[in-house]
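User: Hi, I have a structure open and would like to go through it slowly with someone. Could you take my questions one at a time?
Analyst: Gladly; here it is, and we can begin whenever you like.

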Amino acid sequence: MLSMPDTVAYALARVQERIDSACHAAGRDAAGVRLLLATKTQPADVVREAVAGAPAGTVLIGENRVQELVDKAPALADLGVAAHLIGPLQSNKINHALRALALHGHACVETIDSLALAQKLSARVVGGPLDPLDVMIQVNVSGEESKAGVAPDRALDLAHGVGELPGLTLRGFMTIASPTRDEGTARAEFALLRGVRDEVAGSGAAGTAQAQELSMGMSRDLEWAVAEGSTIVRVGSAVFGARPR
Ligand SMILES: *Cc1c(COP(=O)(O)O)cnc(C)c1O
């Protein structure tokens, strides 16, 4: 491909090389790891450029803020790329989020962290255009109080609860690891999420058979996440450059 430094396409190719070599090192098939573009603060035309620079059908779009998802969805929906909500979902924003996600057609809410939220989401999805909606459970593997997500030892119960709700398909688990430079620490956190996934999927409970995805790894730690079994890496700054603060 034509690659020029400082372009989104060039950065995207670098990230794909990182994913490929991490898969190679781990003895994994690169097709088993999808790239989610974490598009917060990026205008729709930049997101379109990034999607166009990736092999067709290989990338996902991830938005953190419901308002940004709503604002950008009309300009991105025709791409036919699945949109994932990767930031917190407040109950009073569920309808807004669902309308925007429905524009994209393919959608996933990765940030379910309580049964109450899942129940409200379920109630509004049933009978609508997104029924059934893919969801993941966000797990707080680092234990930092500031982090969203259910505690690892409560994830199994939550997964069983979500698995029984109509209108939702539990696809797997999502996490953000500690901002550490220590490989052992980060990998232990990613391994914890994998353990949750294996326990849930192995439980045989209703609605858990499809809970195989592990959304973990970002610009700083995607190699370690791939080594621990990530199936979706969420990458922002390594593709789009540093975000303004
Ligand atoms: C921003 C963000 C990412 C991507 O982070 P980078 O460090 O920019 O790669 C991944 N996941 C979530 C939930 C994010 O908010």
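Analyst: One definition will help before we start: a salt bridge is a side-chain nitrogen of Lys or Arg within 4 Å of a carboxyl oxygen of Asp or Glu. Please also keep in mind that this is a predicted model.

User: OK, so how many salt bridges are there in the whole structure?
Analyst: Searching the whole structure turns up 14 salt bridges. One of them pairs E223 with R18, and the closest N and O atoms of these two are 2.7 Å apart.

User: Which parts of the chain does that pair link?
Analyst: The pair links distant parts of the chain, since E223 belongs to helix α8 (residues 222-227) while R18 belongs to helix α1 (residues 8-26), and the two are 205 residues apart.

User: And why does E223 count as partly exposed?
Analyst: E223 counts as partly exposed because its relative accessibility is 30%, a value that falls between the 20% limit for buried and the 50% limit for exposed. R18 is also classed as partly exposed, because its relative accessibility is 24%.

User: What about E68 and R65, how far apart are their N and O atoms?
Analyst: The side chains of E68 and R65 meet in a salt bridge with an N to O distance of 3.9 Å. E68 has a relative accessibility of 14% and therefore counts as buried, whereas R65, with a relative accessible area of 53%, is exposed.

User: Is R197 buried or exposed?
Analyst: R197 counts as buried, because its relative accessibility is 12%. R197 forms a salt bridge with D198, where the closest N and O atoms are 2.8 Å apart, and D198 counts as partly exposed at 41% relative accessibility. Elsewhere, salt bridges that share partners join E63, R65, E68 and K72 into one network.

User: Changing topic, which residues touch the most other members of the largest nonpolar core?
Analyst: That core has 44 residues, and L121, L133, I137 and F173 are the ones that touch the most other members. If we leave aside neighbours within four places in sequence, L121 is in contact with L89, I94, L98, V109, I112, L133, V135 and L168. There is also a second, separate core of 25 residues, which includes L12, C23, V233 and F240.

User: Why would nonpolar side chains be buried together?
Analyst: As a general tendency, nonpolar side chains in soluble globular proteins tend to be buried together.

User: Now the ligand: which residues come nearest?
Analyst: There are 13 residues around the ligand, and of these K40, N64, S219, S237 and R243 come nearest. A polar side-chain atom of S219 lies 2.4 Å from an oxygen atom of the ligand, and a polar backbone atom of S237 is 2.7 Å from an oxygen atom of the ligand. The side chain of R234 also has an N or O atom 2.9 Å from a nitrogen atom of the ligand.

User: How much of the ligand does the protein bury?
Analyst: Taken alone, the ligand exposes 380 Å², and the protein buries 91% of that.

User: Last one: where is R48, and what does it touch?
Analyst: R48 sits in helix α2 (residues 44-53), and it counts as partly exposed because its relative accessibility is 29%. Not counting residues up to four places away in sequence, R48 touches A75, L76, D78 and L79. From R48 to P74 the distance in space is 12 Å, C-alpha to C-alpha, although they are 26 residues apart in sequence.

Key:
Residues numbered from 1 in each chain as written. Predicted model: local features only at pLDDT ≥ 70, side-chain atom pairs only at ≥ 80, totals over all residues. Heavy atoms only, no water. Helix = DSSP H or I, 4+ residues; strand = E, 2+ residues; numbered from the N terminus. Buried < 20%, exposed > 50% of the residue type's maximum accessible area, 1.4 Å probe, protein only. Core = buried A, V, L, I, M, F, W, Y, C linked by side-chain atoms within 4.5 Å. Contact = heavy atoms within 4.5 Å. Near = heavy atom within 4 Å. Polar contact = N/O pair within 3.5 Å; in protein donor to acceptor, adjacent residues only side chain to side chain. Areas by Shrake-Rupley, 256 points an atom, 1.4 Å probe, with all protein chains shown as cover.
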